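These are my notebook entries from reading through one model. I record what I looked up, in the order in which I looked it up.

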Amino acid sequence: MENIDIIIIGGGPSGLAAAKAAISEGANSIVVVERDNSLGGILQQCIHPGFGLSYFKKELTGPEYYGKFTEQLKGEPIKFLLNSMVLNISDDNKVSIVSSEHGFLELKAKSIVLAMGCRERTRSNIRIPGSRPSGIYTAGTAQRLVNRQNLMVGKNVVILGSGDIGMIMARRMTLEGANVVAVVELMDYLAGLNRNKVQCLDDFNIPLYLSHTVTKVIGKDRVEGVYVAKVDKNKVPIKGTEKLYTCDTLLLSVGLIPEIELINNINLEVSKITKGPVVNQYMQTSKNNVFACGNVVHVNDLVDNVSIESEIAGKNAAKYALGKLEDPAKELKVTTGENVRYVCPQKINLDNNNNEEDIKLFFRVLLPMSNVTLRVSVENKIIFEKKALHVGPGEMEFVTIKEKDLKDVTSPIIIEVI
Amino acid sequence: MIEKIICTICPIGCEIEVVGDKKNKSVSSLNGYKCNRGKEYSINEFIAPVRTITTTIKISNWKEPLIPVRTDKGVLKDKQMDCMEEINKVEVKPPIKRGDILIENILGLNVNVIATGEAL
Amino acid sequence: MKNKSKKIVIIGAGVVGCAIARELSKYKGLDIVVLDKREDVGGDASKSNSAIIHTGYDAVPNTLESQLVVASNPMFPKLVKQLDVEFKLIGAILPAINDEQYEQLGKIKEKAFKNRVYDVEYVTKEEIIKMEPNINKDVKGGLIIPREGIIDPFTFTVALAESSASNGVVYKLNTEVLGINVENNKIKSLETNNGNIEADYIINSSGVYCDEIADMVGKSNYTVNARRGEFFILDKNTECKVNSIILPIPTKITKGKLMTPTIHGNMLIGPTAEDLDDKEDKSTTLEGLNSVIEDVKKLVPNVNPNDTIKQYAGNRAAKTPAVLEIDMYDDLEGFVNLSGVRSTGLTASLAISKYVLDLMVSNGLEVKFKENFTNERVAIKLIREANNEEKTELIKKDPRYGNIICRCETVSEAEIVQAINSKIPATSVDAIKRRLKAGFGRCQGGFCSPKIIEILARELNKEAKEINKNVKNSNMLMGKAK
């Protein structure tokens with residue numbers, strides 16, 4: 001494997017979309033490294049519908065969604081290394097990989113695309129006290145066991161977290177014969193989509209407790225129950241409200257974190273809020289030859305957004321490999337204002353802008369709000385504004401700005417929701 | 001009768017109040033919707049709520065024990081568990097392409113169960 | 001004619017039991033069996049502690065405990081090489097954060113001297129800040145204890161067990177002692193859930209249960225309850241780290257909480273100390289966590305509890321009266337009774353094993369060194385520690401080394417299979433985790449546990465639902481989905 005243009009780390013939806021866009025841009029040789037025995041990443045276990053409505057204008061299940069990408073990539077100059085784990089990326093751009101089939105490999109490419117996705121927050125991350133028996137799983141691990149390995153994690157289940165994965169697992173477990181005792185949510189609002197509450201919880205009469213949390217796990221060998229308490233405004237459990245729910249399983253759907261440990265040796269700038277690498281509008285990291293996309297950059301709500309972002313990364317990684325992308329010299333910062341938790345990209349590269357491309361800024365709000373204005377301003381001038389009926393932390397919002405509005409600008413761009 | 005339906009078309013989640021007669025499949029009044037899609041949704045949800053079932057089917061002689069499937073049309077909401085029971089009886093073998101019908105006309109509901117994954 | 005060999009049964013496969021087993025396995029004519037009710041060696045307190053090899057500087061002078069801890073410390077550097085176990089003498093610092101603490105340093109140093117730990121030295125504020133940039137800047141000065149070290153206590157226990165097993169010791173796990181039969185004031189046999197076992201000697205090294213075992217032969221003139229210690233392990237990538245063991249200066253009320261690197265590069269903070277009625281209660285509490293954070297912050301203000309990847313509690317044996325004793329009895333031939341082994345037991349284990357042998361010999365046991373005793377034990381070769389050439393070689397020899405199962409800690413299928421088929425077989429998900437660190441990293445087994453269950457089921461020829469997290473009835477799964 002000589003003269004590789006691009007190495008893409010991860011063969012999930014993000015890596016596949018990046019590969020597709022890189023081919024369209026004219027990349028001649030691409031290597032996709034995937035640790036699983038097949039492509040598709042987490043979508044392989046996301047057998048439920050709800051994907052593709054914005055990207056394909058059609059509602060698809062996870063396997064159908066990635067299937068559309070793998071179909072398109074057939075016959076293209078892409079080498080897929082399956083069952084292969086990247087162990088390290090060195091500062092001089094060497095990617096070390098091990099697999100049973102190929103042994104230990106060190107590959108070098110003109111550009112690298114990080115598409116490793118994310119991992120789930122664990123019980124230890126949120127520090128649920130109590131005993132440490134078997135029967136506590138993150139929702140995604142349980143989803144893999146049930147949907148791919150045909151293994152049942154439990155019969156009587158409490159789910160902590162009302163994110164989409166949590167609710168979808170409530171339905172899956174029910175359909176496979178388990179009894180879902182309750183779904184418990186710390187916040188006073190639903191973390192996931194309403195549709196999932198209706199179709200995954202209400203349809204099966206599964207109770208949802210907002211402003212509640214699991215305060216203690218009991219059980220010596222296997223989970224025997226969990227204590228659930230109401231929380232006050234500061235999310236602190238209210239004494240005297242604890243109630244014991246008997247169950248053999250606790251599933252946790254308590255958030256996702258970008259899986260970035262591979263970049264430890266290449267010193268990329270990392271956002272303290274998204275916990276992923278800081279990127280510009282080309283999805284280019286602080287190291288010019290390294291691009292990043294999908295949930296490794298920030299945890300997205302919809303795979304459709306991942307695909308869009310990953311195509312930008314793939315396209316520009318190809319441009320970089322083909323010598324068509326100049327190194328950024330002047331970068332503008334994009335900063336967050338009122339009720340915006342984070343924005344991606346966090347930087348805009350202004351020196352390659354001989355084109356008139358639109359720049360999409362994806363962001364998440366801090367709190368749910370109705371009848372708001374999404375506003376982008378720079379140097380006290382509003383450059384974009386739109387109204388929205390509803391915004392919530394669970395959904396990604398975006399605004400589109402024009403590069404021509406940023407000429408001669410030097411101070412940061414501010415995005416706010418008011 | 002009156003039913004409150006939470007609209008699932010978009011993230012706003014309007015609460016729509018539907019007044020009508022389920023037996024006669026008629027709706028006499030609708031309140032609280034903000035768009036036409038919401039209107040349509042709430043009427044359907046009142047008269048005959050249907051769901052696409054997504055699940056898995058056992059597969060032998062393949063690298064994985066399961067293949068993902070879905071119904072090609074909506075199934076009446078309260079028939080979901082009956083369908084699951086039927087689906088879980090079936091075991092298939094490769095080759096299977098995406099979209100292949102694995103169970104035809106399940107429970108006579110005029111709905112097929114099709115593969116969403118591949119085993120080739 | 002050969003003398004009839006002596007049957008020795010050791011109760012408890014914690015670090016002390018395994019150390020005794022290894023010491024006795026050096027001698028001919030002994031049939032040694034180690035029993036433990038758990039599914040794995042490593043006991044309870046032996047694997048859930050602060051993972052420090054002490055010098056004994058702060059022990060109560062002129063006690064058996066002080067004698068054994070102080071004697072053990074110098075045995076480690078050579079033994080860990082023979083056992084292929086990682087060990088680092090990183091030293092400890094006792095920083096005095098206020099004047100009152102500063103005043104106490106002299107007394108602590110004096111006590112260390114009485115314990116014959118002569119190398120404890122004063123260090124200045126500037127020296128401490130240079131060694132530990134994250135220390136509380138109010139530090140006035142402190143003491144340094146150079147020979148305090150860190151180890152993986154579980155790996156150490158497994159190594160002792162494997163080494164003893166290679167030298168003939170038999171380990172019977174999932175075996176709980178239900179009773180002891182005595183005839184003519186002499187040990188005769190044990191009743192267990194796995195049948196009767198004859199014994200000439202019984203060595204009671206059952207930690208927090210030592211009173212219950214001793215009670216079976218009427219030798220418990222003491223009680224033991226569990227003293228729970230809660231610990232928290234922080235991610236390797238946490239920004240606030242320390243280089244040495246940072247020990248608090250004890251107050252009259254509490255011994256305080258420490259912060260130390262682990263041998264695997266994580267940070268460890270804790271422990272709490274809380275007496276419990278239930279010896280099996282190893283739950284962690286919110287109060288415990290808060291008290292650990294609060295106390296450690298006094299030493300290292302920027303410690304970040306949000307980087308917690310694991311919390312655990314270990315129950316050490318709190319004996320009343322609180323004194324370490326190792327006894328044999330004139331009116332009960334063959335019973336060796338250990339009690340009061342507490343948090344210093346990990347360090348003291350080596351000297352305890354020598355002391356037990358000496359006690360047995362002075363009570364009539366005849367021993368002769370085995371010509372074919374092997375000191376060396378070889379650990380499983382880890383892919384994460386191999387350089388590039390070694391990785392190539394390992395995968396060439398066994399392609400399963402190329403199949404990475406645990407991404408966070410880089411553990412391959414080959415290592416897991418070796419652990420399952422080793423001298424002390426790993427038969428549970430936690431047993432794999434303890435040996436190889438698979439599932440110990442930031443995702444806490446989210447990625448690897450489904451695969452580890454599959455590998456365990458395949459290698460042990462079991463169904464997935466029969467695979468336990470650790471002890472029996474801790475099954476990971478409830479059968480097939482369909």
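Entry 1, a sheet in chain B. I looked up the partner of Val18(B) and found that its bridge partner in S3(B) is Leu30(B). The coordinates belong to a predicted model. I then listed the pairing around this position: S2(B) and S3(B) run antiparallel and are joined by five bridges. The two strands form a hairpin with four residues between them. In that turn, I noted that Lys25(B) has a positive phi of about 55°.

On S2(B) I also checked the pairing with S1(B). Strand S2 of chain B covers residues 15-21, and five bridges pair S2(B) with S1(B) in the antiparallel sense. Two positions were recorded here. Ile5(B) has Ile16(B) as its bridge partner in S2(B), and Lys4(B) stands opposite Glu17(B) of S2(B).

Next I assembled the sheet. It is open, has three strands in the order S1-S2-S3 (chain B), and its pairing is antiparallel. Which strands stand at the edges? They are strand S1 (2-6) and strand S3 (26-31) of chain B; each has a single partner strand, so one side of each is left without a neighbour in the sheet. From one strand to the next, the twist averages 30°.

I asked what packs on this sheet. Helix H1 of chain B, residues 36-47, does so and touches S1, S2 and S3 of chain B. The direction of H1(B) makes about 50° with that of S2(B).

Entry 2, chain B as a whole. I counted two helices and ten strands in chain B. Along the sequence, the pattern reads β-β-β-α-β-β-β-β-α-β-β-β. I compared the radius of gyration with the globule rule: chain B has 18 Å, whereas a compact globule of 120 residues would have a value near 14 Å. Along the principal axes, the C-alpha atoms of chain B fill a box of roughly 55 × 30 × 15 Å.

Entry 3, domains of chain C. The domain assignment gives domain 1 (1-86 + 151-222 + 321-379), domain 2 (87-150 + 225-315) and domain 3 (383-466). I took the centres of domain 2 and domain 3 of chain C over C-alpha atoms and found them separated by 32 Å. Four residues from domain 2 of chain C and four residues from domain 3 of chain C make up the contact between them. On the domain 2 side, I classed one residue as nonpolar, one as polar and two as charged.

Entry 4, domains of chain A. Chain A is divided into domain 1 (1-120 + 256-325), domain 2 (122-254) and domain 3 (328-418). The centres of domain 2 and domain 3 of chain A, over C-alpha atoms, are separated by 36 Å.

Entry 5, the contact of chain C with chain A. I found 43 residues from chain C and 38 residues from chain A in this contact. Which elements of chain C give two or more residues to the side that touches chain A? They are helix H8 (286-299), strand S19 (308-320), helix H10 (388-397) and helix H13 (449-460) of chain C. I divided the residues of this side of chain C into 15 nonpolar, 18 polar and ten charged.

Entry 6, confidence. I noted a mean pLDDT of 94 for chain C, with 99% of its residues reaching 70 or more. For the complex, the predictor gives an ipTM of 0.94 and a pTM of 0.93. I keep one reading rule beside these values: where pLDDT is low, the predicted coordinates should not be read in detail.

Definitions and conventions: Residues numbered from 1 in each chain as written. Chains lettered and ligands numbered in written order. Predicted model: local features only at pLDDT ≥ 70, side-chain atom pairs only at ≥ 80, totals over all residues. Contact = placed C-beta atoms within 7 Å. Nonpolar A, V, L, I, M, F, W, Y, C, P; charged D, E, K, R; others polar. Domains from an automatic or database assignment. pLDDT = per-residue confidence, 0-100. Pairing = 2+ DSSP bridges. Axes fitted to C-alpha atoms, helices over the stretch in contact; angles between N-to-C directions. Rg over C-alpha atoms; globule rule 2.2 N^0.38 Å.
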